[in-house]
Amino acid sequence: MTLLKGLKILDFSTLLPGPYATMMLADLGAEVLHVESATRPDMLREVLPLDGKDSVNHGYINRSKKSITLDLKKADAIEIVKKLVAEYDIVLEQFRPGVMERLRLGYDVLKEVNPKLIYCSITGFGQTGPYRHRPGHDNNYLSISGIASYSGRQKGGPAPAGIQIADVAGGSLHGVIGILSAVIYRDRTGEGQWIDISMTDCSFALNATVAPSYLMAGINPKLERTMLNGGTFYDYYETKDGRYFSVGSLEPQFRKLLCEGIGRPDLIELSFSEKQEDIHAFKNEVKNAFLSKTFAEWQKVFAEIEACVEPVLTFAEACEHPQIEGRGMIVEVPRPNGGYQKQIACPIKSTVFKPEYKHIGVELGENNEEILKPLEQRQI
């Protein structure tokens with residue numbers, strides 16, 4: 001059984017935020033139709049490496065989805081979209097504010113076709129506000145939201161993240177939450193709605209642990225000055241051979257085990273001091289301790305000690321980690337013409353469903369005839 005069986009989604013988005021959201025919904029059983037341009041295809045199709053004609057990134061992010069091509073600047077394409085909207089539950093789009101309205105595909109137009117329609121717009125800055133038409137990318141949204149200002153090192157400044165935090169944690173995941181909340185509301189009331197997701201808003205909301213301190217006490221977070229950004233021993237530590245370990249031993253029992261693990265039980269009392277000079281002194285002792293052994297040596301030590309201390313793995317090592325393997329987080333997804341692609345699995349586990357991976361992302365417009373031909377004689 002799939003959780004979202006029968007839910008039909010028209011996806012007008014490209015690149016990452018929207019497509020990642022609809023991939024999650026497809027993993028949960030929704031039927032997703034990706035509407036693309038034949039002349040300006042999703043750039044994600046072209047990112048190296050390729051598997052056949054398209055990128056492996058596209059094969060992953062667009063798995064289990066169907067694809068049609070439409071020129072949304074033409075009147076007949078608009079009529080096709082309206083015919084589809086009449087039988088679809090959700091529209092997800094990622095254009096700048098006003099674009100869908102100019103195409104005559106805005107929420108007010110489409111809800112006339114389907115009053116129960118759930119319409120989700122994911123943009124950088126949202127549908128309102130002075131920045132609504134401004135272009136941007138992930139690091140811009142993290143900068144405007146304040147996150148970048150205290151994420152990094154004092155000497156090096158803000159640190160570029162290895163993943164798209166604003167795009168995925170901001171746009172994709174909040175988009176999914178908004179859509180599923182709207183589905184529940186529609187089930188109760190029969191009413192559709194327009195969901196306005198701003199990746200900057202959602203990034204700003206991720207300031208969960210520092211916002212209360214500033215808003216109520218005026219404490220502005222700074223680089224390496226908070227409990228979780230390097231201002232205490234909660235940090236990453238270099239080993240003798242240039243690798244790193246993460247130390248997150250915040251609770252007393254874990255802090256005691258940390259001191260014992262690095263062979264310095266004499267530091268336990270110092271580790272609990274709240275004096276700034278003692279906090280820095282303890283962190284420096286932990287730093288020196290990790291520099292005394294190799295990565296492999298520390299792995300042996302902390303494999304036996306549950307101190308919230310773990311090695312910083314490469315992605316290749318993460319793929320082979322027994323916890324990742326034990327949770328089945330890498331799956332083989334069928335190619336349409338045979339064979340498989342290895343991909344990251346749906347991370348949501350449930351007692352009532354198992355994700356079904358129908359196929360990798362399909363070729364551009366592969367489902368044109370299947371989807372469009374039945375619409376030719378259909379009236380809106």
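Q: Which word fits both Asp-11 and Lys-65, buried or exposed?
A: Both residues are buried in this predicted model. That label requires a relative accessible area under 20%.

Q: What makes the contact between the side chains of Asp-11 and Lys-65 a salt bridge?
A: Their N to O distance is 3.9 Å, and a salt bridge requires a side-chain nitrogen of Lys or Arg within 4 Å of a carboxyl oxygen of Asp or Glu. The pair therefore meets the criterion. It counts among the 17 salt bridges that the structure holds.

Q: Why can we say that Asp-11 and Lys-65 tie together parts of the chain?
A: Asp-11 sits in strand β1, while Lys-65 belongs to the loop between α2 (56–61) and β5, so the pair links parts that are 54 residues apart in sequence.

Q: How do you know that the side chains of Lys-283 and Asp-235 meet in a salt bridge?
A: The computed N to O distance is 2.6 Å, and the cut-off is 4 Å, so the pair qualifies. Lys-283 lies in helix α12 and Asp-235 in strand β11 (residues 235–238), so this bridge ties together parts 48 residues apart in sequence.

Q: Why is Lys-283 called buried or exposed, whichever applies?
A: Its relative accessibility is 16%, and buried means under 20%, so Lys-283 is buried. Its partner Asp-235 has 8% relative accessibility, so it is buried too.

Q: What puts Arg-264 and Asp-266 in a salt bridge?
A: Their side chains meet at 2.8 Å, N to O, which is within the 4 Å limit, so the pair counts.

Q: Which class does Arg-264 belong to, with a relative accessible area of 26%?
A: Arg-264 is partly exposed, because 26% falls between the 20% and 50% limits. Asp-266 reaches 52%, and exposed means over 50%, so Asp-266 is exposed.

Q: Which residues do salt bridges that share partners join into one network?
A: The network consists of Arg-153, Glu-224, Asp-235 and Lys-283.

Q: Why is one side of β5 and of β10 left without a neighbour in the sheet?
A: The open sheet has six strands in the order β5-β2-β1-β6-β7-β10, with parallel pairing. β5 (66–69) and β10 (193–198) stand at its edges with a single partner strand each, so one side of each has no neighbour in the sheet. Neighbouring strands here are turned by 20 degrees against each other on average, direction ignored.

Q: How do you know that strand β6 and strand β7 pair?
A: Pairing takes at least two bridges, and β6 (residues 90–93) and β7 (residues 118–123) have four, in the parallel sense, so they pair. Within this pairing, Glu-93 has Ser-121 in β7 as its bridge partner.

Q: Which strands does helix α1 touch as it packs on the sheet?
A: Helix α1 (residues 17–27) touches β1 (8–11), β2 (31–36), β6 and β7, and its direction makes about 165 degrees with that of β1. Helix α3 (residues 75–85) also packs on the sheet, touching β1, β2, β5 and β6, at about 155 degrees to the direction of β1.

Q: Why is Ala-289 called buried?
A: Its relative accessible area is 11%, under the 20% limit, so the label applies. Ala-289 lies in helix α12 (residues 276–290). Leaving aside neighbours within four places in sequence, Ala-289 is in contact with Ile-262 and Trp-298.

Q: Why is Tyr-214 called partly exposed?
A: Its 44% relative accessibility lies between 20% and 50%, so Tyr-214 takes the middle label. Tyr-214, in helix α9 (residues 211–217), makes a nonpolar surface patch of about 410 Å² with Leu-215 and Met-216.

Conventions
Residues numbered from 1 in each chain as written. Predicted model: local features only at pLDDT ≥ 70, side-chain atom pairs only at ≥ 80, totals over all residues. Heavy atoms only, no water. Patch = residues over 30% accessible without salt bridge, like charges linked within 9 Å, V, L, I, M, F, W, Y side chains within 5 Å. Areas by Shrake-Rupley, 256 points an atom, 1.4 Å probe, with all protein chains shown as cover. Helix = DSSP H or I, 4+ residues; strand = E, 2+ residues; numbered from the N terminus. Buried < 20%, exposed > 50% of the residue type's maximum accessible area, 1.4 Å probe, protein only. Axes fitted to C-alpha atoms, helices over the stretch in contact; angles between N-to-C directions. Contact = heavy atoms within 4.5 Å.
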